[in-house]
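Please work through the following exercises with the sequence and the structure open side by side, and try each task before reading its solution.

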Amino acid sequence: MTKRKQRLKPDVVLKSYWRDNGRFADLFNAVLFGGRQEIRPEELEDVDTQSAVVTEHREHAEGLEAARDSIKVRKLSGAHGMELVLLGNEGQEHVHYAMPMRVMGYDYGSYKKQYDSNALKYRKRGGLKEDEYLSGMKKSDKLIPVITIVVYYGEKPWDGAVTLHGMLKIPAGLKKYVNDYRVLLVEAGKHNLNFHNADNIDLFSLLGFFLDKSLPKRKAWEKAIEYSRKRGTDRSVIMTVAGIANSRIDSSVFEKGGDSMYAAFEEVWQEGKRDGIEKGRVEGKAEGKAEEIVESGFEFQLSEEAILERLQRKLGISLQTAREYFIMYKKPVL
């Protein structure tokens, strides 16, 4: 019988993994409260992850659509009534050098959606003061606070900004006047978070093996198999790790369970190794062609723009990649 293979995509498996309220609550408890069980799974409810808002300008209206990986609302009855907090969770595979702006945009989308919903109540001016009518909300109206956590699963250490100020070139004397925006970032490969949920413990422990640069890949996979068998790691955790590796696996191993499930790591390792070899071959060919294009461009005294255009057209690459090849292979001026 032919094996049924599926490529587990990171965004799909991560959304599925964090949909579980127990795991979601444990992550936020670890990041926000040092592991104290302040947020309980039964207090969480799923909400729509799609935020579609319209940013209004004087001359045009610009549509903004942002979809989070997962977002939940916390409802808690207490001495001060109902407390509602939107908790966002963004999974990131690569370093994103504009992450503070990205999170700021997501959070704004959540606030704008709340604002628009609240403003619908006041379509008619009746009972509103002039300022309230113009604002679309009363002085007593309050929006729900939003908290977003970014979990970074990449191999490369995060070297991007984690604040808006980190993205800006601000004169020292003006820094205190420029509003900042902070990202709550968790690097899966290195953290000191206090998890209580068994699945989260296993997930981050397994990722720790693979993201440890001092550990040979072969050894990392061996440790993962040994750890999973010893812990009896849930298959959804193994699927999530395999998905982060973006690998093809035989889906039947998860249906069978037991030792065959843990052996999936072996298949992921072999698949990743083959993909790596093939990727190296493809990149090597592209670099060889790029060198020829750049050298011939100089021979025919083409302009830089013309050479960049040929690189993009012949290799099917972006302008940024074309520039990198151009810089790599251009001839020095004598």
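The exercises below concern a predicted model, and they deal with salt bridges, aromatic pairs, and single residues.

**Exercise 1. Salt bridges**

Task: Establish how many salt bridges a search of the whole structure finds, and describe the bridges formed by R23, K72 and E309.

Solution: Begin with the total, which is eight salt bridges for the whole structure.

Step 1. R23 is bridged to D199, and the closest N and O atoms of the two are 3.0 Å apart. This pair links distant parts of the chain, since R23 belongs to helix α2 (residues 21–33) and D199 to helix α5, with their positions 176 residues apart. R23 has a relative accessible area of 8%, which lies under the 20% limit, and R23 is therefore classed as buried.

Step 2. K72 forms its salt bridge with D46, where the closest N and O atoms are 2.5 Å apart. Because K72 sits in strand β5 (residues 70–78) and D46 in strand β2 (residues 44–46), the bridge ties together parts that are 26 residues apart in sequence. K72 counts as buried, because its relative accessibility is 1%.

Step 3. E309 is bridged to R313, with 3.1 Å between the closest N and O atoms. Both residues lie in helix α11 (residues 304–315), four residues apart, or about one turn of the helix. E309, at 38% relative accessibility, counts as partly exposed, whereas R313, with a relative accessible area of 52%, is exposed.

**Exercise 2. Aromatic pairs**

Task: Count the aromatic pairs, and decide whether the rings of F209 and Y227 are stacked or edge-to-face.

Solution: A pair of aromatic rings is described by the distance of the centres and the angle of the planes.

Step 1. The count comes to six aromatic pairs, with ring centres required to lie within 6.5 Å.

Step 2. For F209 and Y227 the ring centres are 5.8 Å apart and the planes stand at 75°, so this pair is edge-to-face. The pair links distant parts of the chain, F209 being in helix α5 (residues 198–210) and Y227 in helix α6 (residues 217–231), 18 residues apart. F209 is buried at 16% relative accessibility, and Y227 is likewise buried at 17%.

Step 3. F298 and F326 also form an aromatic pair, with 5.8 Å centre to centre and 25° between the planes, and this pair is stacked. It too links distant parts of the chain, with F298 in helix α10 and F326 in helix α12 (residues 319–329), 28 residues apart. F298 counts as partly exposed at 29% relative accessibility, while F326 is buried with a relative accessible area of 7%.

**Exercise 3. A surface patch and a buried valine**

Task: Identify which residues gather with E295 in a patch of negative charge, and determine whether V241 is buried or exposed.

Solution: Take the patch before the valine.

Step 1. E295 shares a surface patch of negative charge with E291, E292 and E299. E295 is located in helix α10 (residues 264–299), and at 31% relative accessibility it counts as partly exposed.

Step 2. V241 is part of helix α7 (residues 235–244), and because its relative accessibility is 2%, V241 counts as buried. The C-alpha atoms of V241 and F204 are separated by 9.2 Å, although the two residues are 37 residues apart along the chain.

Note on methods
Residues are numbered from 1 along each chain as its sequence is written. This is a predicted model: local features need pLDDT of at least 70, side-chain atom pairs count only at pLDDT 80 or more; totals for chains, interfaces and linings use all residues. Side-chain values use heavy atoms; hydrogens and water are left out. Patches are made of residues with over 30% relative accessible area and no salt bridge: like charges are joined within 9 Å, nonpolar side chains (Val, Leu, Ile, Met, Phe, Trp, Tyr) within 5 Å. Accessible areas come from the Shrake-Rupley method with a 1.4 Å probe; for residues, only the protein chains shown count as cover. A salt bridge is a side-chain nitrogen of Lys or Arg within 4 Å of a carboxyl oxygen of Asp or Glu. Lys and Arg count as positive and Asp and Glu as negative; His and the chain ends are not counted. The place of a charge is taken as NZ of Lys, CZ of Arg, CG of Asp or CD of Glu. Helices (H or I, at least four residues) and strands (E, at least two) are DSSP runs, numbered from the N terminus. Buried means under 20% relative accessible area, exposed over 50%, partly exposed in between (1.4 Å probe, protein chains only). Rings of Phe, Tyr and Trp (its six-membered ring) pair if their centres lie within 6.5 Å; planes under 30 degrees apart count as stacked, over 60 as edge-to-face and the rest as tilted.
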